Amino acid sequence: MLHIKYTYKYMASRIPLKYWCSQVCSRLYSNGSKIIEIGGKKYQPDGNFTNVTPSMISLTGRSLHLKDRHPVGILRDAIENKLNSTDNAFLAYNTYKPVVSTYENFDSLGFPKDHPGRSKSDTYYVNSKYLLRTHTSAHELECFAKAKSGETNKPGFLISADVYRRDEIDRTHYPVFHQMEGCRIWNRDNTAYTSNVEPGHITKMREDLKKLEQQLHQQQTKVVVEDDTSLDGNPKQNYMTDLEVDLCSKHLKRSIELVISDVFHRKLESLRKTNKDASEIPTELQVRWIKAYFPWTAPSWEIEVWWQGEWLELCGCGLVQEDVLKKAGYAPDSTISWAFGLGLDRIAMLLFEIPDIRLFWTQDERFQKQFQKGIINTFKPYSKYPSTMRDVAFWLPQTENVEKIHENDLMEIVRNAAGDLVESVKLVDEFVHPKSGKKSLCYRINYQSMDRNLTNNEINALQEEVRNELSRKYNVHLR
Ligand code: FA5
Ligand code: MG
């Protein structure tokens with residue numbers, strides 16, 4: 001049976017589950033007049049699109065991935081170094097600004113118009129044309145164009161940046177996280193196909209792959225790879241030969257395996273040093289490649305690593321669609337390329353043993369002082385402050401033909417009221433009244449600060465604000 005994992009919120013069926021009905025849409029900038037300023041640039045809001053909030057805008061300048069004493073920055077640096085250790089092939093672009101156009105984020109990559117990733121419930125729009133990038137792939141086309149124009153003579157590039165997605169609130173989800181994009185290019189030697197000699201790019205790909213394989217072989221922590229290389233249900237592009245697909249996919253997969261073997265090796269080493277029972281610590285790492293789908297790569301995969309009893313998804317990738325390369329200025333048939341997008345925060349959480357993703361954003365010195373450039377150490381929790389639960393229960397409005405709202409809108413209200421003082425928001429009860437048919441929902445909000453004790457008065461005021469905003473914006477009937 002085919003097992004294709006639909007990724008980046010591809011499962012359209014996931015969407016309606018979380019929609020409720022409301023007569024009013026969440027419009028923070030509903031009067032349409034207040035100019036939005038992000039990174040020194042001004043944008044005209046659009047009442048139908050704008051859903052970026054001041055609390056999100058305040059996070060756009062933090063650039064944690066550039067801080068050499070922050071777990072995300074340390075990890076970014078380690079991965080860049082590892083990828084460049086084979087043949088110094090990658091130029092790093094790390095300062096792209098977070099506001100991009102819908103063209104850059106979606107259209108340039110061939111996202112269909114009705115793709116769920118474009119929805120306002122998942123994406124922070126500045127207005128109808130601009131948004132906070134939802135992935136580093138938003139800069140792929142631009143960087144391919146730079147490579148084509150000869151601005152750089154390196155055959156690859158890396159792009160690290162903060163990315164933004166509207167999502168739930170808990171210890172592993174935050175509306176901002178960080179990705180590293182990687183791309184590698186080979187120019188095709190088309191003339192050689194008419195003679196008997198092996199085309200130059202094939203020889204080059206073989207050599208490049210060999211270097212990688214040798215390096216992987218020398219890694220102290222071996223990766224045991226489960227890889228179904230068949231292309232059933234994950235077809236190649238017509239312009240590429242089977243051999244090209246084989247070599248390019250292998251180069252892509254071995255590059256990512258090299259990174260994973262390197263960063264996890266550091267973790268396993270530090271566990272061995274600190275753990276009494278080192279025999280329990282694995283000496284090899286299990287990873288598996290899973291077929292995936294992205295609009296701008298074919299074939300596509302995701303890699304998962306077996307870590308502390310579960311499969312953890314680290315990265316999506318594939319061979320770049322010729323259409324993207326053509327848009328970047330390459331002649332048809334002239335180029336072969338792979339691309340990957342790796343999530344940095346989850347790996348950083350696990351390597352540094354950060355128990356709550358909000359800690360990445362704290363300005364508390366007790367967090368910030370624990371890390372040093374180039375070193376992966378274990379975070380020592382400085383204190384755990386008590387958490388306080390409050391429930392909010394309400395009836396949804398029953399009116400038909402009204403604009404739909406999403407669970408992420410509730411998350412946004414809570415985030416706006418309480419910011420990082422919220423640890424999690426969870427649906428704890430849901431029922432339909434047997435007579436009236438009205439639907440009731442109850443969400444449990446867990447308030448907890450990373451840095452201090454919260455007073456009851458303070459929490460009550462936050463909870464009151466959440467309740468008021470819910471009824472004001474969504475016309476729900478509070479219980
Ligand atoms: C993407 O974002 C694609 N742009 C990746 C890609 C690039 C595919 C180039 C093909 C070619 P995805 O949504 O799966 O795909 O995210 C990529 C990685 O980011 C995930 O594997 C995961 O490690 C990380 N990630 C995704 N969502 C979150 C989240 N909410 N919190 C933390 N990390 C996340
Ligand atoms: Mg994914």
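**Entry 1: ligand 1, polar contacts.** I began with Glu302, where a polar side-chain atom lies 3.3 Å from an oxygen atom of ligand 1. The model is predicted, and I read each value as computed from it. I then looked up Gln179 and found a polar side-chain atom 3.1 Å from an oxygen atom of the ligand. For Glu313 I noted 2.6 Å between a polar side-chain atom and an oxygen atom of ligand 1. I next checked how much of the ligand is covered: taken alone it exposes 680 Å², and the protein buries 96% of that.

**Entry 2: the shell around ligand 1.** I listed the elements that give two or more residues to the shell, and they are β9 (176-187), β12 (297-307), β13 (310-320) and β14 (335-343). Which of them gives the most? I found that β13 does, with five residues. The ligand has 25 residues around it, and I wrote down those that come nearest: His135, Ser137, Arg165, Glu313 and Leu314. Sorted by class, the shell has nine nonpolar, nine polar and seven charged residues.

**Entry 3: the second largest pocket.** I moved on to the second largest pocket, with a volume of about 320 Å³. It is lined by 13 residues, and I noted Trp307, Glu310, Leu312, Arg346 and Leu350 as the closest to its centre. I saw that β13 and α9 (344-352) each supply at least two residues of this lining. The most comes from α9, with three residues. By class I recorded six nonpolar, three polar and four charged residues in the lining.

Key. Residues are numbered from 1 along each chain as its sequence is written. Chains are lettered from A and ligands numbered from 1 in the order in which they are written. This is a predicted model: local features need pLDDT of at least 70, side-chain atom pairs count only at pLDDT 80 or more; totals for chains, interfaces and linings use all residues. Side-chain values use heavy atoms; hydrogens and water are left out. A residue is near a molecule or strand if one of its heavy atoms lies within 4 Å of it. A polar contact is a pair of N or O atoms within 3.5 Å; within protein, one must be able to donate a hydrogen and the other to accept it, and residues adjacent in sequence count only if both atoms are side-chain atoms. Accessible areas come from the Shrake-Rupley method with a 1.4 Å probe; for residues, only the protein chains shown count as cover. Helices (H or I, at least four residues) and strands (E, at least two) are DSSP runs, numbered from the N terminus. Ala, Val, Leu, Ile, Met, Phe, Trp, Tyr, Cys and Pro count as nonpolar, Asp, Glu, Lys and Arg as charged, and the others, Gly among them, as polar. On a 1 Å grid over the protein atoms alone, a cavity is a set of points where a 1.4 Å probe fits but cannot get out, and a pocket is an open set with protein on both sides within 12 Å along at least five of seven lines; lining residues have an atom within 4 Å of a point. Grid points are joined across faces, edges and corners, and a volume is the space filled by probe spheres set on the points.
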